[in-house]
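Open the model in a viewer and keep the selection tool at hand. The stops below each give a selection and a short account of what is there.

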Amino acid sequence: MHLHDVWFVLIAVLWIGYFFLEGFDFGIGILTKPLARDTAERRVLINTIGPVWDGNEVWLLTAGGATFAAFPDWYATLFSGFYLPLLVILVCLIVRGVAFEYRAKRPEPRWQRNWEEAIFWTSLLPAFLWGVAFADIVRGVAIDGHKNYVGTVWDLLNPYALLGGLVTLSLFTFHGAVFAALKTVGDIRGRARAAALRLGLVTAALALVFLVWTQADSGNGRSLVALVAAVAALAGALVANQLGREGWAFVLSGATVVAAVAMLFLSLFPDVMPSTLSANWSLTVSNAASSAYTLKLMTVVAAVFTPLVLLYQGWTYWVFRKRIGVQHIPGHAPAAAPAQV
């Protein structure tokens with residue numbers, strides 16, 4: 001295996017890790033509207049991801065940086081051709097981070113409601129747009145012989161890409177509902193489980209159509225295995241959720257994200273951005289890669305620092321592993337607070 005193949009795999013792993021972690025982040029942000037019934041419950045949901053959301057976004061920075069260094073032509077074509085949707089995602093992530101930090105800076109209800117509204121929309125839009133972007137990458141876009149995207153932003157909003165956006169939106173929200181059930185106590189925990197069931201059924205219907213469509217268009221034997229794994233994991237997550245096994249439900253909902261995103265990359269390889277104008281103009285792992293020396297140096301750096309980052313982030317999740325409820329919110333003491341389990 002060549003180093004450019006290795007780095008394609010590593011970048012796929014970075015995107016998988018990002019969607020696994022930021023997926024339930026986005027889901028929690030979206031659920032602050034339909035799941036939480038009052039300010040205290042919205043604060044509970046936000047606090048479930050409070051210690052980890054910024055660490056989860058590091059995976060996006062690393063994936064983008066690795067793509068820039070390992071496949072500069074892929075990075076250039078992607079970020080120039082997908083400029084508008086990626087800019088919207090970037091603005092959403094900035095506003096979302098500010099909203100998390102500023103929401104509790106002032107006690108006025110209107111101030112807090114405005115930031116909560118921002119959290120909802122800046123979670124929903126990226127969850128949808130990431131699906132649109134990755135569906136377009138797999139489907140292929142109009143790339144000319146100079147490795148430039150020559151289509152328009154409207155070309156990106158085709159039926160396949162829009163379906164991909166709906167899949168990531170529903171899947172991340174389902175993933176977030178399962179995480180909310182895992183991390184909360186009391187009434188909100190039961191409602192999160194009920195929401196996870198409804199969201200899981202919607203996700204199953206959308207994802208099955210999208211993944212089968214992907215397999216039919218550009219799939220292979222390896223992507224078919226990932227498709228089956230994604231379907232099995234989603235079914236298992238729904239069963240575990242109904243049995244009240246929130247830990248297993250979260251593991252399996254995460255496995256659904258992992259398998260679904262892995263299927264997209266397996267369908268894509270050895271291309272990194274197929275051209276719909278000519279197969280000869282497609283960007284591949286070989287013609288879009290950096291020099292062998294650059295890839296070798298990057299491999300050494302990644303081998304040293306990646307385990308350290310994983311250990312640190314794992315330790316963070318371990319420290320903040322306990323459940324929370326409205327009884328843990330200062331100034332809110334229900335008459336009979338449910339015991340933690």
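Start with helix 11, where a kink of about 30 degrees is centred on Ala-302. The model is predicted, so the kink belongs to a prediction. Select residues 292-319 to show the whole of helix 11, which has 28 residues. From its first C-alpha to its last, helix 11 reaches 40 Å, close to the 40 Å expected at 1.5 Å a residue.

Keep helix 11 on screen and turn to its side chains. Which residues of helix 11 are buried? Select Leu-295, Met-298, Gln-313 and Thr-316: these are buried. Then add residues 3-31 and 53-70, helix 1 and helix 3, because the buried residues of helix 11 pack against these two helices, with contact meaning heavy atoms within 4.5 Å.

Next comes the surface. Select Tyr-83, Leu-84, Leu-87, Val-88, Leu-90, Val-91, Ile-94, Val-98, Tyr-102, Trp-121 and Leu-125, which make a nonpolar surface patch of about 970 Å². Helix 5 (83-102) and helix 6 are the elements that give two or more residues to this patch. Helix 5 supplies the largest share, nine residues.

Within the patch, pick out Val-98, a residue of helix 5. Is Val-98 buried, partly exposed or exposed? Its relative accessibility is 31%, so Val-98 counts as partly exposed; the partly exposed class lies between under 20% for buried and over 50% for exposed.

Move on to helix 8, residues 187-218, and select Ala-194 there. Ala-194 has 34% relative accessibility and therefore counts as partly exposed. For a distance check, add Val-178, which is 16 residues from Ala-194 along the chain. The C-alpha atoms of the pair are separated by 9.6 Å.

The last two stops concern backbone geometry. Most residues other than glycine have a negative phi, and most peptide bonds are trans.

Select Lys-147, in the loop between helix 6 (109-139) and helix 7 (159-183). Phi of Lys-147 is near 65 degrees, a positive value in a residue other than glycine. With 27% relative accessibility, Lys-147 counts as partly exposed.

Finish at Phe-269 and Pro-270. What kind of peptide bond joins Phe-269 and Pro-270? The bond is cis, with omega about 10 degrees. Pro-270 sits in the loop that runs between helix 10 (246-268) and strand 1 (271-273).

Technical notes. Residues are numbered from 1 along each chain as its sequence is written. This is a predicted model: local features need pLDDT of at least 70, side-chain atom pairs count only at pLDDT 80 or more; totals for chains, interfaces and linings use all residues. Side-chain values use heavy atoms; hydrogens and water are left out. Helices (H or I, at least four residues) and strands (E, at least two) are DSSP runs, numbered from the N terminus. Buried means under 20% relative accessible area, exposed over 50%, partly exposed in between (1.4 Å probe, protein chains only). Patches are made of residues with over 30% relative accessible area and no salt bridge: like charges are joined within 9 Å, nonpolar side chains (Val, Leu, Ile, Met, Phe, Trp, Tyr) within 5 Å. Accessible areas come from the Shrake-Rupley method with a 1.4 Å probe; for residues, only the protein chains shown count as cover. A salt bridge is a side-chain nitrogen of Lys or Arg within 4 Å of a carboxyl oxygen of Asp or Glu. The expected span of a helix is 1.5 Å times one less than its number of residues. The bend at a residue is the angle between axes fitted to the seven residues ending there and the seven starting there.
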